[in-house]
Amino acid sequence: MILFFAGLGMLVAAVVTALVVRGDAMRDRVFATFVVAGASLASVPAFRVLGGATSLATRWPSGLPGGDWVIGIDPLSAVFLLAVLVVGAANAVYGAADMRAGANTSVSRQANTTYAVLVVVLALVVTAQSVMLFLCAWEMMAISSFLLIMTDHHQPQVRRAGFIYIVATHTGTLLLFVMFAVWSRGTADWSFASLAATRPTLMWGGGPLFLLALAGFGVKAGFVPLHFWLPSAHAASPSHVSAVMSGIVIKTGIYGLLRVVMLAGPPPAWWAWTVLLLGALSAVLGVLWALAQHDIKRLLAYHSVENIGIILIGMGLGALGTAYGHPILAILGYGAAVLHTVNHALFKALLFMSAGAVYRMTGTRNMEELGGIARRMPITFAAFLIGSIAIIGVPPLNGFVSEWLVYQGLFRAGYSPGALRIALLGAPVLALAGGLALACFAKAAGVVFLGRPRSDRPLAAREVGPAFLLPQLALAAICVAIGLLPALIVRPFLFIGATIGGQPQSQAAAAWAEVSPAAQSVAVFATGLLLVVVVIWAGRRFVLRRRSVRLDATWSCGYGATTSRMQYTASSFAAPLLSVFGPLTGVQEHRGATVFHSMPRDLILDRVVAPLWARVRRSALRLRPIQDGRLHFYLLYVVAAVLAFLTYLVVAP
Amino acid sequence: MNITTSAAFAFILVLLLAPAVAGVATRTKSALTGRQGAPALQLYFDLWKLVRRGAVFSETTTWIFRLAPVLVVATTLLAATVVPLDGRVSLIRFSGDWVAFAYVLGLGRFFLVLAALDTGSSFEGMGASREVTFASLVEVGLFLSFGTLGVVTHELSLSGMLGVPFARHWAANAPALVMISACLFALLLAECARVPVDDPATHLELTMVHEVMVLDHSGPDLALILYGSALKLAVLGAMVVSVLVPRANLSAAGSVAVLGGGLLAVGVGIGIVEATMARLRLPKVPLYLAGASSLALFSLILVLWNPA
């Protein structure tokens, strides 16, 4: 625990550095060093907890209502903490360089400061073990990420994105306040341990609390239909902030849900089915909407909605396993959900960084204006490609490992007795999402990096510096390692799954005994794939060695005067697939003799949230007369409120 | 891992026989439509010719374009290792290997699509766009089929789903398994760019999906792509054969022989379809794939509500 606090101290030192040190290059270097060192220190206890040491906890008297502050690291906290620290440190290095390359000193300094604060409070969010501390950290996370989103606040769309974000996140926080207030009523100290002890007295079996938690944490996690703040917030913020928002901040919603499930004990079946259904909905709609985007960062943002869906499918499976008394399913489901959370944090941060490097060099996020960047930024392209292969979940990278676990869980559910077997229908849904994800990233990687430049902007691009590339390569290396060595990685996640699902460790060991031969075979399969590729590549080189190899123009069926405008665009690439799904995609098409482009709209934000908000605003105006500026009326309201409260205290039992 | 000789033999047989399956389809088609037609072994001649040629690359392209053909063959080979080609057991088997099967083919497709976009050609972009459209719908039917087989057999690997004990499941689940076979065959036609989804015989670029994506490949690279496609056809064909013909009571040699015969029969089946049907209009293809998927969905519902 001391190492953890020392690490947090280093992170706070990074905050001070960003404020105090003069000289841009120097400051960024010291800042990045402090963040990386702090993250490394703080990750040591997390590794020890994951390695089988007992959970750690410290209790601090707070002197505030709501009891002592408890900070602790249990396996669930440990894995989220590691994700926070790894992605946080990588993005600190990247972000310092990126902000300095693009903005003036004051913006860069402010962004670094707020960023380091965000990393510290994220570490607190996942280690807080008492309600007040958790909510404080939660709120500081919301505010610091709001400030980071608003970095480019002179742009109107950034202010709009920030506004939608702050409204959404505070609505979510309110729900969490209600949930925790009701739950911790009657407990001595508001610590998580005493919440777990109040299980038997949960209101109406905990159903309303579960729905409150689902909505409150769901706004942060951003699953359909609560995702509406997410795409614009991710697109508006600086690239490293998008990376942390998408990789980590939205995952705190998942963390919160898992924590609630852990504390509330075995859930009734309908909780599990709700989560599974939301997951399936989110997975398909998220990727479908991603496919419709032409802003590369909005595309990645919508893709987070899809991955949150996959994580929820895993969680739903785990909950089903607990509800129907199927321990292996519980362990597999929760374990896969947490593993996919970590995987997504890694590859989504990587993708945002690569996309951000392209944005830094070309000044545009519009895919229709890009193209041909692979030749100009080869390492960035390689990083983006690795991220793409990981996110579409194909072997041999890490995305495959977690999706493979989810599928296994779905199939195991399929031949179980009773209603549980209906969960098998999640498999084709996940497969559809997988196929769409492939299309989506073929579009992203193909249109941005390959082909010919679609405008003048890509012509200026050249490879970014090591401060941009090293963090990407580090995350890419972890993605490859998890993909090739699933046997090492899956085991601790099964034990975490068992902890969340309330299963004894012996069950986790049994589940591991069942999964481990397959995990080793996956390693053989992935390595075999790489080997076969190398062998065929060598054979191809050998055959071509003595033949004529020449370069020429692209074959265009005999038509001579091709221009780069004749290439398929992002709009036209996605059009046939989107047309299959019709109005679900919310896309408007503009067709002309020489122009085809499509305009994506967010169905939930534009058709549901905005009209609803307008209606709330209109009816709120009717209340306006009560606030007419005369002080004695206000005093009257205060007296009336106090009277009402006192009456309640007297009348209530 | 316990590799049996019959699995190894079946694997080698599929590798060798793959180009002939498409040839048999062409022969059948030409016989039924009263034409001369290319010899059944034409693809072997083509491959041999292409391997000895040089290559022309578009100036627009990057290393992606050169890597894609290698990945197409490598991923198909790996996919073949988890299918019980001899109707008993595969070279590599593990629980959830059907995910690896479908997704590793996805990796190959991903690179093929990227290679098409790499050329910057409008035609190849068109083919790539159509390929991902149809492929994402194929996945649904494929996983519904695997789901049905999983529920029927209570197994988690393809070897378990399609392997030896499969014979007894026919008695209990014949209707579901017939529908699954039909679905898999329909998906095979779509996945391997055959009529009614795509026409391998036409070279009018605007009508094509798979062929138009590989317009720019030449020499050994084109050979790799052609061989990869043929191999994918053979592997999916072997899967259909494994559902239709349980080989529980056959000797190892017998089951490998059934595989050979079955693959040729699949070729004949494709030829019959191609001789009697026209290619669908492109907007109708999603309906065709949805139809195939709903066959699988019905069979899944059948077995979920009536577990063996």
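B:His154 counts as partly exposed because its relative accessibility is 40%, where partly exposed lies between buried (under 20% relative accessible area) and exposed (over 50%), computed with a 1.4 Å probe on protein chains only. B:His154 lies in the loop between α5 and α6 (158-162) of chain B, and has a positive phi of about 55° although it is not a glycine. Helices (H or I, at least four residues) and strands (E, at least two) are DSSP runs, numbered from the N terminus. This is a predicted model in which local features need pLDDT of at least 70 and side-chain atom pairs count only at pLDDT 80 or more, while totals for chains, interfaces and linings use all residues. Residues are numbered from 1 along each chain as its sequence is written, chains are lettered from A and ligands numbered from 1 in the order in which they are written, and side-chain values use heavy atoms, with hydrogens and water left out.

Another loop of chain B, between α7 (166-191) and α8 (210-213), holds B:Pro196. The peptide bond from B:Val195 to B:Pro196 is cis, with omega near 15°. B:Ala193 is found in the loop between α7 and α8 as well, and its phi is near 60°, a positive value in a residue other than glycine. B:Ala193 is buried, with a relative accessible area of 9%.

Within chain B, helix α3 (residues 63-82) packs on helix α9 (residues 219-244) at an angle of about 20°, their axes being 8 Å apart; axes are lines fitted to C-alpha atoms, for helices over the stretch in contact, and angles run from 0 to 180 degrees between N-to-C directions. That angle makes α3(B) roughly parallel to α9(B), given that angles under 35 degrees count as roughly parallel, over 145 as roughly antiparallel, 65 to 115 as roughly perpendicular and the rest as oblique. The contact (heavy atoms within 4.5 Å) is made by residues including B:Pro69, B:Val73 and B:Leu77 of α3(B) and B:Asp221, B:Leu224 and B:Gly228 of α9(B).

B:Asp221 of helix α9 also links the two chains. The side chain of B:Asp221 makes a polar contact with the side chain of A:Arg540 at 2.5 Å. A polar contact is a pair of N or O atoms within 3.5 Å; within protein, one must be able to donate a hydrogen and the other to accept it, and residues adjacent in sequence count only if both atoms are side-chain atoms. At 0% relative accessibility, B:Asp221 counts as buried.

B:Ala100, found in helix α4 (residues 97-118) of chain B, likewise has 0% relative accessibility and so counts as buried. Leaving aside neighbours within four places in sequence, B:Ala100 is in contact with A:Pro395, A:Phe400, A:Phe525 and B:Phe94. One of these partners, A:Pro395, begins a cis peptide bond to A:Pro396, with omega near 5°. A:Pro396 has its place in the loop between α14 and α15 (398-414) of chain A.

In chain A, helix α20 (residues 570-581) is mostly covered, with nine of its 12 residues buried. The buried residues of α20(A) pack against α11 (269-291), α16 (426-449), β4 (587-591) and β5 (596-600) of chain A, together with α4 and α5 (122-153) of chain B. Just after α20(A), A:Gly582 takes a positive phi of about 55°.

Helix α12 (residues 296-323) of chain A has 28 residues, which should span 40 Å at 1.5 Å a residue, and its end C-alpha atoms are 40 Å apart, in agreement; the expected span is 1.5 Å times one less than the number of residues. Of the 28 residues of α12(A), 26 are buried, so this helix is largely enclosed by the rest of the structure. At its start, a side-chain oxygen of A:Asp295 reaches to within 2.9 Å of the backbone nitrogen of A:Lys297. Just after α12(A), A:Gly325 takes a positive phi of about 65°.

At the beginning of chain A, helix α1 (residues 2-20) and helix α2 (residues 24-50) pack at an angle of about 165°, with their axes 7 Å apart. The two helices are therefore roughly antiparallel to each other. Their contact involves, among them, A:Leu3, A:Gly7 and A:Ala14 of α1(A) and A:Phe34, A:Gly38 and A:Leu41 of α2(A).
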